[in-house]
Amino acid sequence: MKPTASAAAHVEAVPEPAAPRGLPIAADFQRGLDERLWRWLTLSPALLLLLALSVLPLVNLFATSLFTVSGSGGHSSFAVAGLNNYRALAGDTLFRAGILNTVLFALFAVGGQMLCGFVLALLCTGVTRGRLLYRTIFILPILVPGIVVGAIWKLLLNFDFGLVNQAVELVGFDPLNWLGSANTALASVIFVDIWHWTPFCFLLFLAGLQSLPQDVYEAAQIDGASGWQELTYVTLPMMLPTIMVTFAFRLVLAFKVFDEVYLLTGGGPGTSTQVMSFTLYQRFFREDQTGYGSAMSVAIIFMTCILLSAAFAARGRMGAAK
Amino acid sequence: MTTSPRARPLIVHALLIAAALLVLIPVLWVVAAGFRTQISLLSGAFWFTPVLKNFNEVLFSKTSDFLVNYRNSLVVGTLSTLICLVAATLAAWSLNRMSWPRWFVHIFLGWALVFHMFPPLALASAWFTIMRTVGLDNTLTAVVLAHTVLNLPMALWLMGVFVRDVPLELEEAARLDGATTPILLWRIVMPIIAPGLVATAILTFVFSWNDFGVALTLTMKQTATVPVAIAKFAQDYEILYTQMAAAAALSILPALVLLIIGQRYIVAGLTQGAVK
């Protein structure tokens, strides 16, 4: 970073290094000016980005949600709809299915990932040889794009030639139409998400386990604690903060699920894998319902924040109880 | 931590290897599918003669834009990472080290956190409208801006952790020696937070590279990024499974390179907030 013109001017204005000690008041005054100028300059890029691309869009969404927009491009016409768009949400079966499936998806996927991740992390701390290699392999899915994870499992879960059905037939069972049947589609999507994000939970838990103090375990062993007692009375309580943070990270992301569903099932069959983001995509972009889609966006943003805040508040109370 | 002395290393290794295979086999099977012909894949035969036809089609055929998509993804990832890092680092330093009123810091970071909870698709519709109003629809600039602000909360959070690690005495000593703010940031703060910058940069780039929903809604054929292109393979009238597999294999190359050269930064970045 080259000093800018104003920065260069500033350099001249600052007294020689020895001067501040001689003139403390002038130096303080100078420093106050410097502070005020630079605290705004340093904050402004992020502030402008957030104002222009998070606050403004939200205002825009809310304003648009009060209208029925017809036509597209530069020729759209607005008709005042008041709160009608919001009323219509209640009767939208796709929207209702989206909420229900998103909640089911988030709970089961995040629960599964955390359980698998914790077991793997425990196993991994138990070995010394090869730990780095295991970690390298387990990190891989975190870095793979969601759409590629979708592509991978769309191939593997394919009814005709997928590896999963090949394995199922090998053990003597009938192949299942994992993604095409309403009974298994949501479970399959949840399974894929568990595959995708267990490694993230594993990584956080491993770091957490490795940072636990050793002496507590020595004390537990001297007291003759069994492996199970060690886990429930020593490891789990001490890991609680890490577990809660991981849960929060994953829950936030799980509510945003879109990529995998888009590629794996497209919300189907029927509405069995319809999730919030996908419903929104259909209503706003595919069906061009700008006003109604905006109302749905506002509703989803509102609900997501309420649900997650409630989850975090519950977490806070649990943390306080400990 | 050591588990109890009764731990049986063999069983533990067996379980870990099974888990590793569960991670690796799907990826490898799909990479392998990229080297198969459609007939060989559909027939389900285990053995096959590898062909390069799919990669040729994806990369060099006249009907494929994959190289353009790849370039778009690289441009968007690099630019949004750079802007995001500069904005987040300066802001994190400003909020932590300058005399902002506490309520202001709380509102700023609180809003970033709330914004992080919004599903990107809910914002994409508004971004789409705004970008069209200012004439940025169907441009890479629009995607760069969207990815920058999407990653900003995470970058703010991470850089906040790293900036707080810079010893306050060091900054005060530099001030006493007459360092101005730019010099202080460049000479004192930057070298200390450099590893944190690398970690944040890798994660920001990967998240931008991986984003599908926002890129899908803000781009058209010529501005599409890699994930959007991959989804197209699955949507055509006839799904081109082997070409989709080849494109998927090509798309995880940057992540593989980053995993090999920057694993310790990735781990540092991902675990930073959770353990500290």
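Reader: Which helix does Val267(B) lie in?
Author: In this predicted model, Val267(B) lies in helix H13 of chain B, the helix that covers residues 253–275.

Reader: And is Val267(B) buried, exposed or partly exposed?
Author: Val267(B) has 18 other C-beta atoms within 10 Å, and because a residue needs 20 or more to count as buried and 12 or fewer to count as exposed, Val267(B) is partly exposed.

Reader: How far is Val267(B) from Thr133(B)?
Author: Their C-alpha atoms are separated by 41 Å, and along the chain Val267(B) and Thr133(B) are 134 residues apart.

Reader: Let's switch to the two chains together: how many residues does each one bring to the contact?
Author: Chain A brings 88 residues to the contact, and chain B brings 90 residues.

Reader: Which helix of chain B gives the most to that side?
Author: That is helix H1 of chain B, residues 9–34, which gives 14 residues to the side of chain B that touches chain A. Sorted by class, this side of chain B holds 67 nonpolar residues, 21 polar residues and 2 charged residues.

Reader: How do H7(A) and H1(B) cross?
Author: Helix H7 of chain A, which spans residues 146–156, has an axis that comes within 10 Å of the axis of H1(B), and the two cross at roughly 80 degrees. Angles from 65 to 115 degrees count as roughly perpendicular, and H7(A) and H1(B) are therefore roughly perpendicular to each other.

Reader: Which residues meet there?
Author: From H7(A) there are Ile152(A), Leu155(A) and Leu156(A), and these meet Pro26(B), Val27(B), Trp29(B), Val30(B) and Ala33(B) in H1(B). By class, the contact of H7(A) with H1(B) has 8 nonpolar residues, with no polar and no charged ones.

Reader: Now for chain A by itself, how many helices and strands are there?
Author: Chain A has 14 helices and 2 strands, and of its 322 residues, 39% are buried.

Reader: At what angle do H5(A) and H13(A) pack?
Author: Helix H5 of chain A (residues 93–125) and helix H13 of chain A (residues 276–286) pack at about 155 degrees, with their axes 7 Å apart. Because angles over 145 degrees count as roughly antiparallel, H5(A) is roughly antiparallel to H13(A).

Reader: Which residues of H5(A) and H13(A) meet?
Author: Leu94(A), Phe95(A), Gly98(A), Ile99(A) and Thr102(A) in H5(A) meet Met276(A), Phe278(A) and Thr279(A) in H13(A). This contact of H5(A) with H13(A) has 5 nonpolar residues, 3 polar residues and no charged residues.

Technical notes
Residues are numbered from 1 along each chain as its sequence is written. Chains are lettered from A and ligands numbered from 1 in the order in which they are written. This is a predicted model: local features need pLDDT of at least 70, side-chain atom pairs count only at pLDDT 80 or more; totals for chains, interfaces and linings use all residues. Two residues are in contact if their C-beta atoms, placed from the backbone, lie within 7 Å. Helices (H or I, at least four residues) and strands (E, at least two) are DSSP runs, numbered from the N terminus. Ala, Val, Leu, Ile, Met, Phe, Trp, Tyr, Cys and Pro count as nonpolar, Asp, Glu, Lys and Arg as charged, and the others, Gly among them, as polar. Axes are lines fitted to C-alpha atoms, for helices over the stretch in contact, and angles run from 0 to 180 degrees between N-to-C directions. Angles under 35 degrees count as roughly parallel, over 145 as roughly antiparallel, 65 to 115 as roughly perpendicular and the rest as oblique.
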